[in-house]
Amino acid sequence: MVDNIFFMLYRSVKNILGYQPPSVPPPFVLDEHRPYDSPKVANQQPDKEKALEAFSSLLRYAHRLEGFIDKLATVLRSKTWDKEAAEIKLEITALDKQLSQLTPVLLRYDQSITAPKVQRLSTSIEENRRTVETIYQLPRNNDIMLRDFSIAGNPRVKAFAVFIEGMVDSKLLDNSVLQPLMLFNYSRELYEGNFTEQIVRECLPSNQIKRSDTFASIETAVNSGSTAIIFDGIDEAIIVGTGAWEHRGVERSQIEQSVQGSQAAFSENFRINTGLVRSMLRTSDLIIETIKVGTRSQINCALMYIDSIANTTLVDEVRRRIQGIATDYLGDTGELIQFIEDHPSIPFPQSLSTERPDRVAGHLVEGRIAILLEGNPFVHIVPVSFFSFFHSAEDFSHKPTVVNFMRILRLLGAFVSIILPSIYIAISYFHQDALPTELLLAIAGSRENVTFPAWFEIVLMEFSFELIREAGIRVPGFLGSSIGIVGALILGQAAVYANIVSPIIVIIVASTGLASFCIPDYRMASAIRLLRFILLAFAATFGLVGLATAFLWIAVLFCQMKSFGVPYMTPVVPKTIAGYDVVLRGPIFQQDTRPDALNVKDQRRQPNISRTWKKINQGKSDKP
Amino acid sequence: MYLRPITLLLFTVWALITTGCNGAKETDEVAYILSVGIDAAPNNQLSITYRIADPHSLAGGKDSQSQSQKSSILINLTAPSLTEGRNILKSIISREPRISHLKIFVISEELARKGLGDLFGLFMRHREYRGTVFLAIVRGSAKEVLEKNRPDLDVLTSRWVESMLQSYFESSYFLRADIYQFYKRLKNESGAPYAVLLGLNPLDGEDRANNEAVGNDRSEGYLAKQIPRQSGNPLEMCGTAVFKGDKLVGFLNNKETRALSILLGDLERGFMSLEDPLVPSKQVDINIHLGRKPNINVDISSTIPAITISVYLEGDILGVSSGTNYEAGDYKVLLEQQISNTIFEQITSMLKRTQDLGTDVVNFGYYIRPKFNTVQELENYHWDSKYPEAVIHLDVQTKLRRDGLMRKTTPIRKE
C-alpha cells in the first residue's frame, strides 16, 4: 500500500476515533457462585484431610499421655503423692475417656458425619479449642475472643473463655467471672466430686449460669452474648450470662427515621456497632473480618458477610479492594467507598449507606456485604441496584399493598423531581400547542408582568431553593426551621409580588423540592437534584427532544454502571429473575429466593410453602 | 489524549444543533388567535377578523375583578388571502400571531356561496392550522359575529366555542363540524361537506321561522337567527349548512339536523314533545336515542338507485300530561307508533331537501363502495348525479324502554 498523505490522514483519524483496548484491567463482573473454587467449605473435606485430622488428633493424645507420664514420674519421686492423688486419678479417667473417643472408627464417624456444631465436648481442652475455632472460623472472625486462663485452686486447672466482644459486658465478665475464678480460691481443693458443679456452687458469683456439654448450645449462648468457659479434662462447659451488649450510646436513627421496626442506630464505637449487627443476626455464619486501613492512622474496617450465603468471589474482591487502598488517613465510610467503588466520577451512589443495624442485617441475609469503618456510624452495603435506593427501612414491617403505594409514590416523586421544571420549560418554550388553551393562557397571563425569561425564573428559584436547603443544614438546629419559613414563604411571596417570578414557577419549584425529599436515600436525592439542572439546560435549548436525549443518555449511563460487579439496573437490565421486591414488593411469605444477580451460595431463603400451618394434614396428627 | 472525548463532545453538540430545535418562544412573545372570521370583501378580497387572547386579564390572583371585561381583542383587516392577512396582522400587533390555538373559523354565507376551496389548500398544508378547528357558517357578517359574541358562562369565547361543539350531542340540533371532516368530504368520492350554522339573534322574541311542524312534533324547525328569544348571548348555533362541492347550497333546520344525525348514527339523546295520540291537545315528552346504528343498503342494480334505510330507536317516557296509561299494553304501541311516524316524516323531509339540493349529506355513497372493483369504476358511476333521483325506502321502529320514575299516572281530577 502506498503510504501517501490520504492514508496517513485516514490512520490518524482512525487512531483518534477508533476503538483502542483500555489500558486498565478488565472490570470486575460478579459471576455465578462456583463451590469448587473456594477452599473454605467446611462440610465436604476430602478424605486425605480427614485422615490428617484424625492422625493429628491421635498425635495430640499421645503428647498429652507423654506429659502425664512425666508428671506421674515426678510425683512418684517427690513422695508427697497422696496430695496429688486426686488430680492424677482424675487425669487418668480423663485420658481414658479421650482414648475411648479416639477409637478410629468413632473418630472418623464424628468428623465425617457430624458437623462440629453437633459434636459433644471432648475432655481435651486442645480438642475443644480447635472445635470452637472451626465453628467461628478463627482467626478470620476477629471479634470472637478466646481468653486462656488458669483457675486458682488446688490443682490449677487450665481453662479458656469464649465470648464475642461488643456483646458482653466487660466489667461483668472481669469482676464476676474471671476475677473469682483466677484470684479468689487460693486453697480450694478441686476435682472432688463433680467439678463443674463445684465451680458453679462455690466460685462463680454470677446470676445466670448454665451447664452444657454440646457445642451447639455453647454456640447459641455465645452468639447471644453469654460467655462459655471450657475446662481442661472436663467434657462439660459452664455458660455464664454476660450478655449485655452495651445499650449506652445506641440512639434513635436521625437520618433514616421510621414509624415501625427497630429504632436503634449505629454509633461511633466499632465494637458496639459490630455487636449491634451480631445482636440482630445471631448466627456464627456471620463473619466480621477486620482490615486495617490507612498507613498513618491505622483504622479498623470491618467487612461483614454471611459466609454460607455471600458469594466468595465477591467477598474476595471487596477484601482485595479494601486492602488495596494506599492512603494515610480515612475518616469516613463515604471516603472509603470512594476509594473502592466502580465509578467514582458518576454522582449516583453505588453503595447503600445506612445507620440502621436492622437494615444491615436484612441485606446481609440477602447475600450482600456490609462495610463498617471504625468511628463512623454509617455502614455501606454493597453491591446494590438502583431500586434499592427507593426502599425504606420499614418496608417489610407494613403490608404489601400499603408499602407498594408508598414505593410508587417515592418513584413518582423522584420522577417529578427530575422532570417537572424541565417539562414546564420545554412545553412553555417549544410545545405551547400541547396545552389546553385555557391553561396556556393562564400560564401566559401569570407571566405577563414578569420581565425575565421563563428559564431564568426557574434557575433563580431553584437556586434560591438550594440556598434555603443548604442553609437549613448548615445553621445550628434551632434556626433551621426559621430559615425554611423565611426562605420559602417570605421570599417566594415577595418574589411573586415584585413580579420577579410568576406564581406558577413557585408552585413548580416547591413541588419539585417536596418531591425530591421523598426519596429515601439522601445521596440519591442529591444526585437527582444535580441531574435536574442538566435536564433543565437540555429542555431550555432543545425542548422535549432535548429532554428525551438527556433521558436516553441517563439510561445508557445507568445500564453500563456496575456496583461491585453487579449491574446497577438489575433485575431490569440485564434481565434476571426478579423476586417480589424490586419496585413493588410481594407478601413476605413469598420472598422465597434471594436476588438472582448476587449469585449467592444458597439461593433459597425459605421453602415454597413457608407458612407450614396452612398445610391441611398438619395439626390433626402432630398435636399432643 | 483528550482528543477523543473532545471529538465526541463536538459530534454530540453538532448532532444536537442540527436537530432544528431552535423555535423557542416565550409565552409573552406570542399572540394567540382564538377565532377567525372571514367575510367577502369587494374586489375578490377577504375581510378577516381576528380575535386574539389577552392574557393580562387572565392572570390569577391579584386583581381578578375586572377579569371578564376584556379577555381578548378584536382586529379586522382586509387582505386578499389568509396568509397575507397574517402578514398585515404582524404590522398591527407587537407579538408573533400564532394560529395553533385557533378554535373556530366563522365564514359568512356570502363567501361560502362563492366557494371555500381556495381556503382549504392553506388549512390542510400549514402546520399551525389544526384539523380540529371548527368550521361555522354565519347567516350575516362574520365580523359582527365575532364582535357580538358575549358568552354568559365562559370568560373566553374560545371556551364557549369548544364547550358548545363538544357537547352538541346533548340535543343534536347542530352537528360538530371541523375542517378535517369538511376536507375529507370535500375530496372523497361521496358525501357532501357540512358546517355548523351560526347566527346572531336580534333578541326581539319574534318567531321568524314561520314553517309548519313536521309530523306530530309540537315545535317547528328553526335555523340559527330564528329562535324566538329575548335575552342571552345573541350568538346561537342551530342547524347545518350544507355544501355541494365547496359551495354552500342550503341549510338544514334543527329538526332536519337531528334527522341527519340519526342517519349518521351518532344521535346520543334528544327530547321530543309530541302530540298525544289519543288527546291531540295534550302532549307527551319523550327522550329518544338510537337503539343501534341505522341499517342502510343501497341497491344500484337498476338505473335508479334504491336506498333502504332501517332505523331502530329507543325511547324513555318523560311526561304524559293527559294521564293516559302509555306505559303498558296497547297504549305503549300506540305511542311508539306516534314516535316512529314523526321521525319517519322528519327524516323523509330532510332527505327530500337534500335530494332537492343535490347534496348527499348522509353519505349514502359510502354504502355503494363494496359494489365496485376499482376506484375508477366508482368514480365513473357519478353517485352525486344519481342521488337526487334515488328512491328511498325508510322504515322506523321505536321501542319504549323506560318510563322514568313513575309506573303509571292518572288524569287530573275533574271538579
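Here are two short exercises, with worked solutions, on the predicted model shown above.

**Exercise 1. The interface**

Work out how many residues of chain A are in contact with chain B, which helices supply them, and how they divide by class.

*Solution.*
1. Start with the contacts, taking residues whose C-beta atoms, placed from the backbone, lie within 7 Å. This gives 26 residues of chain A in contact with 26 residues of chain B.
2. Next, look for the helices of chain A that each supply at least two residues of the side touching chain B: they are helix 1 (5-17), helix 13 (400-429), helix 14 (437-447) and helix 18 (522-560).
3. Helix 14 of chain A gives the largest share of that side, with 10 residues.
4. Finally, sort the side of chain A that touches chain B by class: 14 residues are nonpolar, 8 are polar and 4 are charged.

**Exercise 2. The sheet**

Trace the open sheet of 5 strands in chain A, find its edges, and say which helix packs on the sheet.

*Solution.*
1. Follow the strands across: their order in chain A is 1-2-4-5-3, and the pairing is antiparallel.
2. Now the edges. Strand 1 (144-151) and strand 3 (209-212) of chain A each have a single partner strand, so each has one side without a neighbour in the sheet.
3. Zoom in on one pair: strand 1 and strand 2 (residues 157-164) of chain A run antiparallel and are joined by 8 bridges. In strand 2 of chain A, Val157(A) stands opposite Ile151(A).
4. From one strand to the next, the twist averages 25 degrees.
5. Last comes the helix: helix 5 (residues 125-135) of chain A packs on the sheet and touches strand 1, strand 2 and strand 4 (227-231) of chain A. The direction of helix 5 makes about 10 degrees with that of strand 2 of chain A.

Notes. Residues are numbered from 1 along each chain as its sequence is written. Chains are lettered from A and ligands numbered from 1 in the order in which they are written. This is a predicted model: local features need pLDDT of at least 70, side-chain atom pairs count only at pLDDT 80 or more; totals for chains, interfaces and linings use all residues. Two residues are in contact if their C-beta atoms, placed from the backbone, lie within 7 Å. Helices (H or I, at least four residues) and strands (E, at least two) are DSSP runs, numbered from the N terminus. Ala, Val, Leu, Ile, Met, Phe, Trp, Tyr, Cys and Pro count as nonpolar, Asp, Glu, Lys and Arg as charged, and the others, Gly among them, as polar. Two strands pair if DSSP finds at least two bridges between them. Axes are lines fitted to C-alpha atoms, for helices over the stretch in contact, and angles run from 0 to 180 degrees between N-to-C directions.
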